[in-house]
Amino acid sequence: MNSFFQPLAEELRPKTLDEVIGQQHLTGPQGVLRKMLEGGRLPSIIFWGPPGVGKTTLAQILAQESKAQIFFLSAISAGVKEVRDVIKRAQGLIQNILFIDEIHRFSKSQQDALLGAVEKGQITLIGATTENPSFEVNAALLSRCQVYHLERLSKDEMQQLIKKAIEAKPDVKIVIKEYDALFKLSGGDARRLLNLMELIMRQAEGETEVTNELVTGLAQQKVALYDKEGEQHYDIISAFIKSIRGSDPNAAVYYLARMIEGGEDPKFIARRLLISASEDIGNANPTALVLATNCFQAVSFIGFPEAEIVLSQCATYLAASPKSNASYKAIKQAKVLVRETGDLDVPMHIRNAPTQLMKDEGYGKGYKYAHDYPNNFAYQEFLPEEVKNTKLYDPGQNPRENELRKRLQALWKDKYGY
């Protein structure tokens, strides 16, 4: 059996931006991080992305390239005292970076302790989070940071990393015959992929052909090598949401139980329920969004174990509700239309006219105030001339949206084809 003195993922950790595989929108020739380093100015940053895509690595590289001393804190174990201690130690340094892993787990008081130092430039903050920072980071702190979204590695990038791993261990003779299992089990997570490669290399005897069967078998035997929560995380939440979308409350509550037993953050689950209520149910049952919002608030108040009851109520209600993705499709189509047509002029009659000069120019002239007309409706054009008559919202086929369609037909006649 081969001897490995250092974990492969640590051995292959990039030391420069040029060595980073993936995240080319940040690290490539025109990447924003490269431009920052070239400009000699590093702002406070929050890296947002799934596990194993380089958040910690990029922080270390930025510190090294900018010749800054870096301090590490984990939001799981650090409190306000530790934050203040680091700020005090950093004040005498010309360049410093405070890296906080899982910053979304910081409480409001912990984040507030950072705010003043970031505002005054006493520290350069780099936070890492797997959660949308808009939900979990205080608005005041967030407004003082640049947020950059990191992406999972593509198949091509994972192949590059596999090649790099093989080259790093020339004494181990392996030949990759099939990649699918490696891709599937790593899921675009570089650390998980390298852990898997290390497992294969440790088991290699002579020249070893790596097949899907071999990889799957080894992974099942040595599942403890992986971040179990990370490995299950995305598959289970995907199954949960798809069960709700598929109107199966039994499957939904089963996957809910899997997440609860696995120690998933209840607010993470509640947030996904909120998204599903709008994306998958929408106007077929508007109450779903109300219930999901109340669920998120309740879960935030009470936490586990009682929160599981609230989550179960919401999940089973959403799964049993009629479904429509009409509003989801509407905004997607609208965004495509905006990108294709650019900044079209807003019709003059619905422009804002706060000054006399603007009124003299015709702003707001001819606007019909809907409440002055029968049924609170006045037939007029709201879209720019170039895209008038474009239907973006097409009500779904369900009782509630059928009623909406009938009303829109009565109001707009043949204009939008309802």
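Author: Before we look at how helices pack, one term helps: a helix axis is a line fitted to the C-alpha atoms over the stretch in contact, and the angle between two axes runs from 0 to 180 degrees between N-to-C directions. Please keep in mind that this is a predicted model.

Reader: Thanks! With that in hand, how do helix 9 and helix 11 pack?

Author: Helix 9 covers residues 155-168 and helix 11 covers residues 190-203. They pack at an angle of about 40 degrees, and their axes are 10 Å apart.

Reader: Why are helix 9 and helix 11 called oblique to each other?

Author: Roughly parallel needs an angle under 35 degrees, and roughly perpendicular starts at 65. The angle here is about 40 degrees, so helix 9 and helix 11 are oblique to each other. As for handedness, helix 9 passes helix 11 in a right-handed crossing.

Reader: Which residues make that contact?

Author: From helix 9 come M158, L161, I162, A165 and I166, and from helix 11 come A190, L193, L194, M197 and M201. By class, this contact has 10 nonpolar residues, no polar ones and no charged ones.

Reader: What makes those residues count as nonpolar?

Author: Ala, Leu, Ile and Met are among the residue types that count as nonpolar. The contact of helix 9 with helix 11 therefore comes out with 10 nonpolar residues.

Reader: Let's move along the chain. What is the relation of helix 16 to helix 17, parallel or antiparallel?

Author: Helix 16 (residues 287-302) and helix 17 (residues 307-320) pack at an angle of about 165 degrees, with axes 9 Å apart. An angle over 145 degrees counts as roughly antiparallel, so helix 16 is roughly antiparallel to helix 17. The crossing of helix 16 past helix 17 is left-handed.

Reader: Where do helix 16 and helix 17 meet?

Author: On the side of helix 16 you will find T287, A288, L291, A292, C295, A298, V299 and I302. They meet A307, V310, L311, Q313, C314, Y317 and L318 in helix 17. These residues divide into 13 nonpolar, two polar and no charged.

Reader: And how do helix 15 and helix 17 pack?

Author: Their angle is about 20 degrees and their axes are 11 Å apart. Roughly parallel means under 35 degrees, so helix 15 and helix 17 are roughly parallel to each other. Helix 15 passes helix 17 in a left-handed crossing. In helix 15, P266, I269, A270, L273, A277 and I281 meet L311, C314, A315 and L318 in helix 17. The classes here are 10 nonpolar, no polar and no charged residues.

Reader: I see R271 lies in helix 15. Why is R271 called buried?

Author: R271 sits in helix 15, residues 266-281. Buried means under 20% relative accessible area; R271 has 3%, so it is buried.

Reader: What does R271 touch?

Author: Not counting residues up to four places away in sequence, R271 touches E131, F135, E136 and F296.

Reader: How do you know that the side chain of R271 makes a polar contact with the side chain of E131?

Author: A polar contact is a pair of N or O atoms within 3.5 Å, where one can donate a hydrogen and the other accept it. The side chains of R271 and E131 are paired at 2.7 Å, and that contact counts as polar.

Reader: N398, E19 and N375 look like loop residues. How do you know whether N398 is buried or exposed?

Author: N398 is in the loop between helix 19 (356-360) and helix 20 (399-412). Its relative accessibility is 4%, under the 20% cut-off, so N398 counts as buried. Leaving out residues up to four places away in sequence, N398 touches N283, A284, K323 and S324.

Reader: What makes E19 partly exposed?

Author: Partly exposed lies between the 20% and 50% limits. E19 has 33%, so it counts as partly exposed. E19 is found in the loop between helix 1 (8-11) and helix 2 (24-27). Apart from neighbours within four places in sequence, E19 is in contact with R13, P14 and K164.

Reader: And why is N375 called exposed?

Author: Exposed means over 50%; N375 has a relative accessible area of 65%, so it is exposed. N375 is in the loop between helix 19 and helix 20, and its phi is near 60 degrees, a positive value in a residue other than glycine.

Reader: To finish, how many helices and strands does the protein chain have?

Author: The protein chain has 20 helices and seven strands. Buried residues make up 44% of its 418 residues.

Notes. Residues are numbered from 1 along each chain as its sequence is written. This is a predicted model: local features need pLDDT of at least 70, side-chain atom pairs count only at pLDDT 80 or more; totals for chains, interfaces and linings use all residues. Side-chain values use heavy atoms; hydrogens and water are left out. Helices (H or I, at least four residues) and strands (E, at least two) are DSSP runs, numbered from the N terminus. Buried means under 20% relative accessible area, exposed over 50%, partly exposed in between (1.4 Å probe, protein chains only). Contact means heavy atoms within 4.5 Å. Angles under 35 degrees count as roughly parallel, over 145 as roughly antiparallel, 65 to 115 as roughly perpendicular and the rest as oblique. A crossing is left-handed if the near helix is turned anticlockwise from the far one by less than a right angle, and right-handed if clockwise.
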